[in-house]
Number of protein chains: 2
Amino acid sequence: MNERGRLFVESVERGFAVLRAFQGRESLSLAELAVEAGITKSAAQRFTHTFEMLGYLRKDAAKRWRLTPRTLEIGTFYLASDPLIERANPHLVDLNHACGESVNLSEPDGTEMVYLARFTANRRSFIHMPIGTRIPMFCAASGRAFLATLPREKALAIIERTAMTAFTARTLTDVNAVMAKVDEARERGFASAVEEFYVGDLNIASAVIGADGTALGAVNISCPTSRWSIEAMEAELAPRLIEAVRSISSGGYLVRQTNNNQWERTGQ
Amino acid sequence: MNERGRLFVESVERGFAVLRAFQGRESLSLAELAVEAGITKSAAQRFTHTFEMLGYLRKDAAKRWRLTPRTLEIGTFYLASDPLIERANPHLVDLNHACGESVNLSEPDGTEMVYLARFTANRRSFIHMPIGTRIPMFCAASGRAFLATLPREKALAIIERTAMTAFTARTLTDVNAVMAKVDEARERGFASAVEEFYVGDLNIASAVIGADGTALGAVNISCPTSRWSIEAMEAELAPRLIEAVRSISSGGYLVRQTNNNQWERTGQ
């Protein structure tokens, strides 16, 4: 019996460790896989055999293991069952069309935002970012827009348990500096981030509010520094962004923050 | 010891059965989950506890189980590691821009095509089809384009082991009729499908060929019947589609089929 309790199925955890070993790796030998997953080579043999039978792994011509498209299956069930995506899609298309720039929908998970829908600029310059990509909340406009909907101490707690890696020279890694951006987002109704995750990438984002008044996720617009300044995005694109998230937010309610940092429904 | 051999880890299979139970379901009670996954209620309790600890399942306010965005993780590793997607993306953007209609990249898996990249029409009319969506090869233009690159008997074997469901009134469910479409695709270098999976949806597709001469996947263009006829797509869009798949195909080689149904490299 371990800390996870007597109900915990260890072999499921080890199985997922085998699949998660492929993060950032195109293929792995059995020995590499065992090291990455922290299991013995004979355990790795059992799991690779099992995943090959189930269709999640295959051996390539060089006898190295690779993930298969089957690994997308469970996530696809999630995407198909998430009512927010379907509700948001027409508004995301409209926003993408109106701005001519990339528009994304993301949901919170732990200390990160997970990107769930994406409509790219009709240009080659967009960043390749598959559905399911995760970006830490602290340095993403989407994450800051979500954090701004939480009570301030909850937002602070999330930031404090995040490893604040500097992804670019412009990433804010000081807790107070990040909280100042979250506070600014709460006041303005949208958040911004200037080249904090990718060089050359500017973002503004605003939160989608659910029927119970809590945030379900965020919509962000991503623009390249070659075509936009953050000031121009805030002036020209933020009003459209806010209109879109209000249309997506549940029950047709508009939302606005009150003086004590809580969101409030207004009108129908 | 079962038919899967002594190395097979049963609890991994049962764990995935629990996650796969969410196909087409937004949430499941513990009892429903046990029935769907074909396991006892106490086994379902162990697996849901385990997946909750690992972050793949959560209990909602009504005490029903739901998938979380974490279920996208392994699939995202696959998408990020697949060299075809990155190589194809700029060409898919160009094709999408040139056509103004939805453009998709898919890969074969068993008897289905799995959709891996998607650039939608800048209009609300597109069909909501998340990355990871699977469509049977027999009734999809992308599937027929892929089947046309295989030796004819292999293509026939795939079709013969498929449950040929009629998704619309226009789905071809006769083996000979489908094989005639595959033969036509082999001759023309692209395949077509007219409202066979979704009513109102027209498709043409062509296969992407890898460095070893075998097909890696297919690119398809999807148009609504409100704006296009299949004849107009074949005349106006097919040449652009073929140009795009040739640019994506490995090593800059052009490919064309020979008289004995094999593909052949030309040029470079």
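Start by selecting Val182(B) in this predicted model. Leave out anything up to four places away in sequence, and Val182(B) touches Arg144(B), Leu147(B), Ala148(B) and Ile159(B). Show those four as sticks around Val182(B). The residue lies in helix α8 of chain B, which covers residues 175–188. Is Val182(B) buried or exposed? With a relative accessible area of 0%, Val182(B) is buried, because the cut-off for that class is under 20%. Now draw a distance from Val182(B) to Leu150(B): the two are 32 residues apart in sequence, and their C-alpha atoms sit 10.0 Å apart.

Stay in chain B and hop over to Lys59(B), which lies in strand β1. Lys59(B) counts as partly exposed, because its relative accessibility is 43% and that class runs between 20% and 50%. Which residues does Lys59(B) touch, not counting those up to four places away in sequence? Pick Glu52(B), Arg64(B) and Trp65(B). While you're there, check Thr48(B) too: Thr48(B) and Lys59(B) are eleven residues apart along the chain, with 9.3 Å between their C-alpha atoms.

Next, colour chain A by secondary structure. You'll be looking at nine helices and ten strands. Chain A has 268 residues, and 56% of them count as buried. If you draw a contact map, take the contacts in chain A with a separation of 6 or more: 53% of those join residues 24 or more positions apart. Switch on the surface, and chain A exposes about 11400 Å², with carbon and sulfur atoms supplying 48% of that.

Now bring both chains into view. A rotation of 180°, with 0.0 Å of shift along its axis, superposes chain A on chain B with an RMSD of 0.1 Å. The two copies are therefore related as by a two-fold rotation axis. The same surface serves both copies, too: 100% of the contact residues of chain A recur in chain B. To find the axis, select Val12(A): of the residues of chain A, its C-alpha comes closest, at 2.7 Å.

Time for the pockets. The largest pocket has a volume of about 1000 Å³. Which of its 38 lining residues are closest to its centre? Select Pro108(A), Thr214(A), Ala215(A), Leu216(A) and Arg58(B). For the wider view, highlight the elements that give two or more residues to this lining:

- from chain A, α4 (73–81), α5 (83–99), β3 (102–109), α7 (152–160) and β8 (215–224);
- from chain B, β1 (57–59) and β2 (65–67).

Colour the lining of the largest pocket by class and you get 17 nonpolar, nine polar and twelve charged residues.

Last stop: the second largest pocket, where about 750 Å³ of space lies. It is lined by 27 residues, and the closest to its centre are Arg58(A), Arg66(A), Tyr78(B), Glu107(B) and Leu216(B). Which elements each supply at least two residues of the lining of the second largest pocket? On the chain A side, pick β1 (57–59) and β2 (65–67). On the chain B side, pick α4 (73–81), α5 (83–99), β3 (102–109) and β8 (215–224). By class, the lining of the second largest pocket has eleven nonpolar, seven polar and nine charged residues.

Technical notes:
Residues numbered from 1 in each chain as written. Chains lettered and ligands numbered in written order. Predicted model: local features only at pLDDT ≥ 70, side-chain atom pairs only at ≥ 80, totals over all residues. Heavy atoms only, no water. Least-squares fit on C-alpha atoms with pLDDT ≥ 70 in both. Contact = heavy atoms within 4.5 Å. 1 Å grid on protein atoms, 1.4 Å probe; cavity = no way out; pocket = protein on both sides within 12 Å on 5 of 7 lines; lining within 4 Å. Points joined across faces, edges and corners; volume = space filled by probe spheres on them. Helix = DSSP H or I, 4+ residues; strand = E, 2+ residues; numbered from the N terminus. Nonpolar A, V, L, I, M, F, W, Y, C, P; charged D, E, K, R; others polar. Buried < 20%, exposed > 50% of the residue type's maximum accessible area, 1.4 Å probe, protein only. Areas by Shrake-Rupley, 256 points an atom, 1.4 Å probe, with all protein chains shown as cover.
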